[in-house]
Amino acid sequence: MKNQNFPFFLAVHAVFSRYGQFLKQTVDPAFQELRQEFLRNGISVHIQGSDDSQTACRELIVESGSLRNFIYGIRYRANDVSDTVVGSLSFPTITEEENYEPICYFADGRRGYSIKYMQKDELITDVLRQYERYVKMLAAGKHDLYLTDKVHPGQGGKS
């Protein structure tokens with residue numbers, strides 16, 4: 001008996017493979033370079049992630065002791081694509097009904113954004129910009145969301 005879902009599986013696999021390629025060619029080198037620089041400056045940091053096609057992601061985690069860790073994460077988000085666009089000659093590169101794009105996310109729950117057009121150096125700049133924002137908010141002392149972590153009770157200076 002022929003598996004009728006096989007063409008769909010191949011299309012989804014191709015999409016995830018392109019995304020995995022972005023993780024390996026852009027995100028991983030950027031995160032490794034950032035990790036080395038943070039470590040050179042005495043800042044504890046690690047990288048974690050998954051290469052599973054359903055949960056592919058990466059996280060750069062800067063450990064902050066008793067405060068909420070800084071996390072710059074990347075995962076994919078599926079966006080539906082209109083049938084009109086999929087069949088249009090004006091968009092020959094759009095051939096799937098779902099478009100997956102890498103989206104960044106943060107430990108504080110702020111809304112992330114697409115990073116699919118970033119190159120390695122642009123991604124490094126973006127991570128550093130977000131880390132600088134995190135450090136300034138901590139220094140201001142007005143932002144309790146960074147001081148406590150309800151998800152990980154061991155973190156957080158306030159109860």
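**Close-up 1. Arg110 lies over the face of Phe106.** In this predicted model, the distance from Arg110 to the centre of the Phe106 ring is 4.0 Å. Phe106 has aromatic company too: together with Phe31, Tyr72 and Tyr113, it makes up one aromatic cluster.

**Close-up 2. Arg75 puts its charged end over the ring of Tyr105.** Here the gap to the ring centre is 4.1 Å. You'll find Arg75 in strand β3. Is Arg75 buried, partly exposed or exposed? Its relative accessibility is 44%, so Arg75 counts as partly exposed. Leaving out residues up to four places away in sequence, Arg75 touches Tyr19, Ala56, Cys57, Glu101, Pro102, Ile103 and Tyr105. Take a look at Gly49 as well: 26 residues separate Gly49 from Arg75 in sequence, while their C-alpha atoms are 9.4 Å apart in space.

**Close-up 3. Phe70 pairs with Tyr131 edge-to-face.** To describe two aromatic rings, you give the distance between their centres and the angle between their planes. The count of aromatic pairs in this model comes to 7. For Phe70 and Tyr131, the centres are 5.2 Å apart and the planes are at 80 degrees. Phe70 belongs to strand β3 (residues 70-80) and Tyr131 to helix α3 (residues 120-140), so this pair ties together parts that are 61 residues apart in sequence. Neither ring is on show: Phe70 is buried, with a relative accessible area of 3%, and Tyr131 is buried at 16%.

**Close-up 4. Phe70 also pairs with Tyr134, and this pair is tilted.** What makes it tilted? The ring centres are 5.4 Å apart and the planes meet at 55 degrees, so the pair counts as tilted. Once again distant parts of the chain are linked, with Phe70 in strand β3 and Tyr134 in helix α3, 64 residues apart. Both Phe70 and Tyr134 are buried.

**Close-up 5. Strands β1 and β2 pair up in the antiparallel sense.** Strand β1 covers residues 45-50, and its pairing with β2 runs over 6 bridges. A hairpin takes the chain from β1 to β2 through 6 residues. To find your way, look for Ser50, which stands opposite Cys57 in β2. How many residues of strand β2 (residues 57-62) are buried? The count is 6 of its 6. Both faces of β2 are covered: one side has Cys57, Glu59 and Ile61, the other has Arg58, Leu60 and Val62, and all of these are buried.

**Close-up 6. Asn69 reaches back to Ser64.** Asn69 is in the loop between β2 and β3. Its side chain comes to 2.9 Å from the backbone nitrogen of Ser64. With a relative accessibility of 13%, Asn69 counts as buried.

**Close-up 7. The largest nonpolar core has 26 residues.** Which members touch the most others? They are Phe31, Tyr72, Ile74, Ile115, Leu123 and Val127. The elements giving two or more residues to this core are α1 (6-40), β2, β3, β4 (98-106) and α3, and α1 gives the most, with 8 residues. Zoom in on Val127: neighbours within four places in sequence aside, Val127 is in contact with Phe31, Leu34, Leu60, Phe70 and Tyr72. You've met Phe70 before, as the ring paired with Tyr131, while Phe31 and Tyr72 also belong to the aromatic cluster with Phe106 and Tyr113.

How values were computed
Residues are numbered from 1 along each chain as its sequence is written. This is a predicted model: local features need pLDDT of at least 70, side-chain atom pairs count only at pLDDT 80 or more; totals for chains, interfaces and linings use all residues. Side-chain values use heavy atoms; hydrogens and water are left out. Rings of Phe, Tyr and Trp (its six-membered ring) pair if their centres lie within 6.5 Å; planes under 30 degrees apart count as stacked, over 60 as edge-to-face and the rest as tilted. Helices (H or I, at least four residues) and strands (E, at least two) are DSSP runs, numbered from the N terminus. Buried means under 20% relative accessible area, exposed over 50%, partly exposed in between (1.4 Å probe, protein chains only). A charge sits over a ring if NZ of Lys or CZ of Arg is within 6 Å of the ring centre and within 35 degrees of the ring normal. Two strands pair if DSSP finds at least two bridges between them. A nonpolar core is a set of buried Ala, Val, Leu, Ile, Met, Phe, Trp, Tyr and Cys residues joined through side-chain atoms within 4.5 Å. Contact means heavy atoms within 4.5 Å. A polar contact is a pair of N or O atoms within 3.5 Å; within protein, one must be able to donate a hydrogen and the other to accept it, and residues adjacent in sequence count only if both atoms are side-chain atoms.
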